[in-house]
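This report covers model confidence, one helix packing and one pocket. The sequence and structure come first.

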Amino acid sequence: MAFPREIRAVVFDMDGLLVDTETGFRDVFFAVAAERGHEVPMPVFQQLIGVPNASALAALKAHFGPDFDAQGMFDACWLRFHDSLDVSTILKAGVAELLDHLDEMRIPRAIATSSPREAVTRYLGPRGMEERFDAIVTKGDYPRPKPNPDPFLTAAARLGIDPTDCLALEDSHNGVRAAHAAGMMTVMVPDLLDPTEEMHEKCLHVAETLHHVLDLMRLGVTGRPAEIG
């Protein structure tokens, strides 16, 4: 069985799922750190993925010490990242095809991201993808960030769909935790973080790509190809 219930809506994370921003930021982060004379172990960097800004700053201070200018480090990284970003190339493979399928099936969809609204417009606006979502939930739209369920619950409320009838697509551990806590059918599409045993327990599927997600959706809830039209 592909999914236990009919999918009545889909809620997407953005960074690392819809757009390939996390690998670019990773490369910039290590370059800026090296220029400043800092060596950041990969496990420390992985603690910065999919967490609120305050948690990321705390992780860096825990590693380098309480006097480390974590905010200055992040500011320099984001400035260089945005200066070098080519928004025409960051859309992840399979996004357009998956949205086309949702159009055909008349399934509403939303974004639930920890990024600010201007980031959604910057990354998705130039290719006309921003307007293809029925609701966009960003930083500041909910009281508690991921791994709390608030971003996903807010997205479901804006779509007018019960969370248990929503499919959530996530790439980060905290995102999976948030979607699972919201009661959504959850699929992880890993980007920089590998799926752990906890992720497998909280997800219905771990998909290699969004193309794989599309294949799963076409199976419907019975394991047989779903009718389209």
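The model is predicted. Its chain has a mean pLDDT of 93, and 96% of the residues reach 70 or more. Residues 224–229 have pLDDT below 50; beyond near neighbours in sequence, this stretch makes 15 contacts in the model.

**Helix packing**

Two packed helices are described by the angle between their axes and the distance between the axes. For helix 3 (residues 53–64) and helix 4 (residues 70–84), the angle is about 115° and the axes lie 9 Å apart. The crossing of helix 3 past helix 4 is right-handed. Helix 3 contributes Asn 53, Ala 56, Leu 57, Leu 60 and Lys 61 to the contact, and helix 4 contributes Ala 70, Gln 71 and Phe 74. By class, these contact residues are 5 nonpolar, 2 polar and 1 charged.

**Largest pocket**

The volume of the largest pocket is about 890 Å³. Its lining consists of 38 residues, of which Asp 15, Val 51, Trp 78, Ser 114 and Ser 115 are the closest to the pocket centre. Two or more lining residues come from each of helix 1 (22–35), helix 3, helix 4 and helix 6 (117–124). Helix 4 gives the largest share of this lining, 6 residues.

The table sets out the residue classes for the helix contact and for the pocket lining.

| Site | Nonpolar | Polar | Charged |
|---|---|---|---|
| Contact of helix 3 with helix 4 | 5 residues | 2 residues | 1 residue |
| Lining of the largest pocket | 17 residues | 10 residues | 11 residues |

Helix 3 and helix 4 thus appear in both parts of this report: they pack at an angle of about 115°, and each gives two or more residues to the lining of the largest pocket.

Note on methods. Residues numbered from 1 in each chain as written. Predicted model: local features only at pLDDT ≥ 70, side-chain atom pairs only at ≥ 80, totals over all residues. Heavy atoms only, no water. Axes fitted to C-alpha atoms, helices over the stretch in contact; angles between N-to-C directions. Helix = DSSP H or I, 4+ residues; strand = E, 2+ residues; numbered from the N terminus. Left-handed = near helix turned anticlockwise from the far one by under 90°. Contact = heavy atoms within 4.5 Å. Nonpolar A, V, L, I, M, F, W, Y, C, P; charged D, E, K, R; others polar. 1 Å grid on protein atoms, 1.4 Å probe; cavity = no way out; pocket = protein on both sides within 12 Å on 5 of 7 lines; lining within 4 Å. Points joined across faces, edges and corners; volume = space filled by probe spheres on them. pLDDT = per-residue confidence, 0-100.
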